[in-house]
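Here is a short report for a reader who is meeting this structure for the first time. Please look over the sequence and the model before reading on.

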Amino acid sequence: MELSVFKKIQEDDYTPLKPVVGIVGLGVMGGSYAARLKELGYTIYGFDKDQQTLDYALNNQMIDQGCLNPEDLLGKCDLVIFCLYPTKIADWIKTNHNFFKKDVFLMEISGVKSSIVNELRQAADELSMVSVHPMCGRESKGIQFSSPEIFSGSNFIIIDDGSIPKGHIELSRMLAAEMGFGKISVLSADEHDRMIAFLSQLTHVIAVCLMNTHENSHLVEYTGDSFRDLTRIARINESMWPELFLLNKDILLEEIEAFEAAISHFKKALESNDRKEMSSLMVESTRRRELFDK
C-alpha cells in the first residue's frame, strides 16, 4: 500500500484519493503539521483566527491557502486536522458543522482524551473522527517555532476504545508513518491519560516547580547541563498547560502524590545517612533509564 498517496477509508474499504488537508489552528503543532504535509505533496488549507499567522504560513509556503472564515474553504477539505486547545475543538466543529464535506475525515491531536472524546464525537455527529496524539512539540508557542522535523522518529498514539473502525485506525497509522513518526501505538483514552499524566504532565509540573524554587537572576552564570536538561520544559505555554492539567486533574494528582512519596523516601534516606539506600535507589533509576537509551 503506497503511503505517498493518502487513502480515504470508510470501514475497510480503501479508495485511492489525493486529498486536500485542512489544518485548524496554526500554532506550533498546526504549523508543523502543515509544513510536513506540504513537503509530502499534500494540498494544505490553513484555518486560524489571526491574519498574521496565516500570512506567515503562506509566506513560508506551509499552506496553499488560508482563511479566517472557515466557510470559504472547509467544504473542499477531505481531511481536517484539529490543532486547537482541547476545550475549543467541540465548539469549532459545532459552529462550522454545515460547512464540512459529507464524507470528510476528522482528526484531533490534543494532549488529553477521556474528558473530551465523547463531547467531540457528539459534536462530529455522523462525521468520521479519530483522536491521536503526536508525542512531540516545542516549549515556545506560535507558528514561528513550528518545524516539520519534530515528527521524525517521535512516538505516535492512536486512541481506540473499541468503537473505532479498523479502517480509520489504519488510515491514521499510514499518515503517521508517512510523516516520519517512529513507534505508533494504539491505546484506550484512559490508558493514554494515565500514561501522559506521568510521562508528560508530571514532568512539566516538576520542571516548573524546580525553576521556581529559587529566585536568582544569576543562575545562568553558574548552571551546568544537569539543571538545563531538567528545566528545559519549564519554558511553558501558560495558556495551554493549565487547561491540560485540569482536564486530567484526578490522574495527575495521583502521579504528583506518587512523586511526593518517592522524593520523601529519598529525603528520609538522606536524613538518616543511609548511603546504601540512596545507592540502591540510584541503581534502580539507572536500570530504568537504560530502557530509554535502548
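## Surface and charge

In this predicted model, the chain exposes about 16100 Å², and carbon and sulfur atoms supply 51% of that area. The chain carries 31 positive and 44 negative charges, and the mean positions of these two groups are 3 Å apart.

## Overall fold and dimensions

The secondary structure of the chain consists of eleven helices and ten strands, and the C-alpha trace spans about 70 × 45 × 35 Å along its principal axes. The radius of gyration of the chain is 21 Å, which agrees with the value near 19 Å that a compact globule of 294 residues would have.

Of the 294 residues in the chain, 43% are buried. When contacts between residues at least 6 apart in sequence are considered, 67% of them join residues at least 24 apart.

## Two loop residues with positive phi

Most residues other than glycine have a negative phi. Asp125, which is not a glycine, nevertheless has a positive phi near 60 degrees, and this residue is found in the loop between α4 (117–124) and β8 (128–135). Because its relative accessibility is 52%, and exposed means over 50%, Asp125 counts as exposed.

Asn273 is likewise a residue other than glycine with a positive phi, here about 55 degrees, and it lies in the loop between α10 (249–271) and α11 (275–293). With a relative accessible area of 67%, Asn273 is exposed.

Notes
Residues numbered from 1 in each chain as written. Predicted model: local features only at pLDDT ≥ 70, side-chain atom pairs only at ≥ 80, totals over all residues. Heavy atoms only, no water. Helix = DSSP H or I, 4+ residues; strand = E, 2+ residues; numbered from the N terminus. Rg over C-alpha atoms; globule rule 2.2 N^0.38 Å. Buried < 20%, exposed > 50% of the residue type's maximum accessible area, 1.4 Å probe, protein only. Contact = heavy atoms within 4.5 Å. Areas by Shrake-Rupley, 256 points an atom, 1.4 Å probe, with all protein chains shown as cover. Lys, Arg positive; Asp, Glu negative; His and termini not counted. Charge placed at Lys NZ, Arg CZ, Asp CG, Glu CD.
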